[in-house]
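Subject: Structure for you to look through

Dear colleague,

I am handing over a structure and would be glad if you read it alongside the notes that follow.

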Amino acid sequence: AKEQGRNRFNYFTPSMQEYAKYRMRLIQDLRQAVTNKEFELHYQPIVALATGEVTKAEALIRWHHCERGAVPPSEFIPVAEDTGLIVEIGNWVFEQAARQSAAWRHGLGVDIQISVNKSPIQFRDEGTLLNDWLKLLQELNITGAGVCVEITEGLLLDASMGVTEKLLAYRDAGVQVSLDDFGTGYSSLAYLKKFDIDYLKIDQSFTRNVDTDKNDQILCEAIIVMAHKLGMKVIAEGVETEAQRQVLLAAGCDYGQGYLFSRPIPASEFTQQYLQCRSL
Ligand code: C2E
Ligand code: CA
Ligand code: CA
Ligand code: CA
């Protein structure tokens with residue numbers, strides 16, 4: 001009976017102690033995963049709304065745990081950030097994405113700009129890695145906007161990380177910058193003009209009901225007009241239906257990303273779906 005009680009307890013309300021154990025295990029496994037390179041990048045097309053053309057993709061990390069199966073990034077990225085492992089993971093992501101962009105350019109003759117996500121922690125700790133990356137881009141001969149970096153609004157508020165200098169260094173190497181999850185954070189409008197940002201990504205919480213909720217539609221329209229006036233292009237995240245696509249297109253949105261077009265898929269599938277016919 002005691003055993004049963006414990007099991008029940010485990011299943012329904014894991015105690016703090018259980019959580020701490022789970023977390024320790026996750027950290028251990030994550031270290032292993034970094035060493036053994038258990039990660040893979042999936043690519044989700046970013047689609048020009050007016051033409052349907054695909055010239056960009058977002059790289060999203062996938063971790064296949066040998067026992068647990070797929071562990072979602074929402075579960076392990078925060079742990080990776082807390083432990084600093086995100087620096088090494090982020091390094092791998094960047095290199096992998098750059099190599100993929102180069103392979104598509106030099107192998108198939110198509111330019112697909114790949115976006116990689118960067119948490120503020122990565123930004124803070126990357127230090128000299130930045131120079132290594134910029135060198136890598138040169139080596140791979142993809143300095144012309146083959147890679148884009150997605151940052152979040154919170155980062156722009158933190159003056160302590162040398163954000164300005166780092167963003168400038170990216171820019172010098174031809175790396176573009178997207179502001180991810182726009183509208184969910186500090187919405188630091190003043191920073192939009194201070195930093196040279198190329199793309200603004202409207203968060204899914206605005207696109208979800210854009211076709212049915214007048215207020216969401218008004219907000220999206222206003223964001224798009226503002227972004228364009230500030231010289232940015234707009235990408236709507238989480239586009240799932242044709243109705244959403246229509247409203248966003250009518251509002252002047254440049255790009256869409258979401259399940260309507262495709263889920264994130266492995267590079268080989270991306271090549272097959274979007275690039276093969278183009279290279280012929
Ligand atoms: P994000 O950067 O906002 O990425 C978009 C997320 O929305 C992805 O979840 C993607 O699979 C999902 N998504 C795309 N289209 C749709 C749609 O139409 N409907 C819905 N419901 N969802 C859609 P994912 O891959 O689970 O990643 C979650 C978050 O984990 C990302 O949010 C990002 O913050 C973080 N992440 C993923 N890969 C990396 C990475 O390599 N480095 C870092 N630092 N963070 C990453
Ligand atoms: Ca992103
Ligand atoms: Ca996002
Ligand atoms: Ca700009």
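A residue is called buried when its relative accessible area is under 20%, exposed when it is over 50%, and partly exposed in between, as computed with a 1.4 Å probe on protein chains only. This is a predicted model, in which local features need pLDDT of at least 70 and side-chain atom pairs count only at pLDDT 80 or more, while totals for chains, interfaces and linings use all residues. Residues are numbered from 1 along each chain as its sequence is written, chains are lettered from A and ligands numbered from 1 in the order in which they are written, and side-chain values use heavy atoms, without hydrogens and water.

The chain has an average pLDDT (the predictor's confidence in each residue, from 0 to 100) of 89, and 91% of the residues reach at least 70.

Asp180 (OD), Asp181 (OD) and Glu237 (OE, listed twice) coordinate the calcium ion (ligand 3) at 2.2 to 2.4 Å; donors are N, O and S atoms within 2.8 Å of the metal, or 3.2 Å for Na, K and Ca, and sites may look incomplete because water is not among the atoms. Asp180 also bridges this ion and the calcium ion (ligand 2), the two lying 4.0 Å apart. Of the other residues at ligand 3, Asp181 is partly exposed, with a relative accessible area of 26%, whereas Glu237, at 13%, counts as buried.

Turning to the interior, the largest nonpolar core (buried Ala, Val, Leu, Ile, Met, Phe, Trp, Tyr and Cys residues joined through side-chain atoms within 4.5 Å) has 82 residues, and Phe39 and Phe270 have the most contacts inside it.

Best wishes
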